[in-house]
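The following exercises are to be worked through with the sequence and the structure in view. Each task is followed by a solution in steps.

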Amino acid sequence: MDKNKNIFKKNVILLVLILLIGVVPLLLVKSEFGGSDDKGEEMIKTIKPDYKPWAKNLIELPGEETESLLFALQAALGAGIVGYVLGYFKGERKNANR
């Protein structure tokens, strides 16, 4: 039981570190990094200078690279979920053969 408690504690610490690595840059880093959305908006304004966007962002992020960071975190989370599910089913299949 003590071994399981240590593993749980270690996993919680790792999870907190992962969250800190993802959240701290969102709050502290401010730089000028543009993405494809900015390039698209620039192109639209060169084609039609009087264009006005019909939608606004719900949340203003502190830096422009945070969109890339959020996308990377979303991809990592998705990959983690897919990896977990595949590993779970492989383990179930392996244990079913016993």
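The model is predicted.

**Exercise 1. Accessibility of Glu92**

Task: Determine whether Glu92 is buried, partly exposed or exposed.

Solution. Step 1: The relative accessible area of Glu92 is 41%. Step 2: Buried requires a value under 20% and exposed a value over 50%, with partly exposed in between. Step 3: Glu92 is therefore partly exposed. Step 4: As to its place in the fold, Glu92 lies in helix 3.

**Exercise 2. Orientation of two helices**

Task: Describe how helix 1 and helix 3 are arranged with respect to each other.

Solution. Step 1: Helix 1 covers residues 2-28, and helix 3 covers residues 66-96. Step 2: The two pack at an angle of about 170°, and their axes are 10 Å apart. Step 3: Angles over 145 degrees count as roughly antiparallel. Helix 1 is therefore roughly antiparallel to helix 3. Step 4: The crossing of helix 1 and helix 3 is left-handed.

**Exercise 3. The contact of helix 1 with helix 3**

Task: State which residues of helix 1 and helix 3 meet, and classify them.

Solution. Step 1: On the side of helix 1, the residues are Gly22, Pro25 and Leu26. Step 2: On the side of helix 3, they are Thr66, Leu69, Leu70 and Leu73. Step 3: The residues of this contact comprise 5 nonpolar, 2 polar and no charged.

**Exercise 4. Two residues of helix 3**

Task: Establish for Thr66 whether it is buried or exposed, and for Leu69 which residues it contacts beyond four places in sequence.

Solution. Step 1: Thr66 lies in helix 3. Step 2: Thr66 has a relative accessibility of 1%, so it counts as buried. Step 3: Apart from neighbours within four places in sequence, Thr66 is in contact with Leu26 and Leu61. Step 4: Leu69 also lies in helix 3. With a relative accessibility of 23%, Leu69 counts as partly exposed. Step 5: With neighbours within four places again left aside, Leu69 is in contact with Gly22, Pro25 and Leu26.

**Exercise 5. Separation in sequence and in space**

Task: Give the C-alpha to C-alpha distance from Leu69 to Glu92 and from Leu69 to Pro49.

Solution. Step 1: Leu69 and Glu92 are 23 residues apart in sequence, and their C-alpha atoms are 34 Å apart. Step 2: Leu69 and Pro49 are separated by 20 residues in sequence and by 31 Å in space.

**Exercise 6. The salt bridge**

Task: Identify which residues form a salt bridge and explain their spacing along the helix.

Solution. Step 1: A search of the whole structure yields 1 salt bridge. Step 2: Glu41 forms a salt bridge with Lys45, and the closest N and O atoms are 3.5 Å apart. This satisfies the limit, because a salt bridge requires these atoms within 4 Å. Step 3: Glu41 and Lys45 are 4 residues apart in helix 2 (residues 36-47), so about one helical turn separates them. Step 4: Glu41, at 36% relative accessibility, counts as partly exposed. Lys45, at 40%, likewise counts as partly exposed.

**Exercise 7. A loop residue**

Task: Locate Val29 and list its contacts beyond four places in sequence.

Solution. Step 1: Val29 lies in the loop between helix 1 and helix 2. Step 2: Its relative accessible area is 38%, so Val29 is partly exposed. Step 3: Leaving aside neighbours within four places, Val29 is in contact with Gly63 and Glu65. Step 4: Val29 and Lys52 are 23 residues apart in sequence, with 29 Å from C-alpha to C-alpha.

Conventions
Residues are numbered from 1 along each chain as its sequence is written. This is a predicted model: local features need pLDDT of at least 70, side-chain atom pairs count only at pLDDT 80 or more; totals for chains, interfaces and linings use all residues. Side-chain values use heavy atoms; hydrogens and water are left out. Axes are lines fitted to C-alpha atoms, for helices over the stretch in contact, and angles run from 0 to 180 degrees between N-to-C directions. Angles under 35 degrees count as roughly parallel, over 145 as roughly antiparallel, 65 to 115 as roughly perpendicular and the rest as oblique. A crossing is left-handed if the near helix is turned anticlockwise from the far one by less than a right angle, and right-handed if clockwise. Contact means heavy atoms within 4.5 Å. Ala, Val, Leu, Ile, Met, Phe, Trp, Tyr, Cys and Pro count as nonpolar, Asp, Glu, Lys and Arg as charged, and the others, Gly among them, as polar. Buried means under 20% relative accessible area, exposed over 50%, partly exposed in between (1.4 Å probe, protein chains only). A salt bridge is a side-chain nitrogen of Lys or Arg within 4 Å of a carboxyl oxygen of Asp or Glu.
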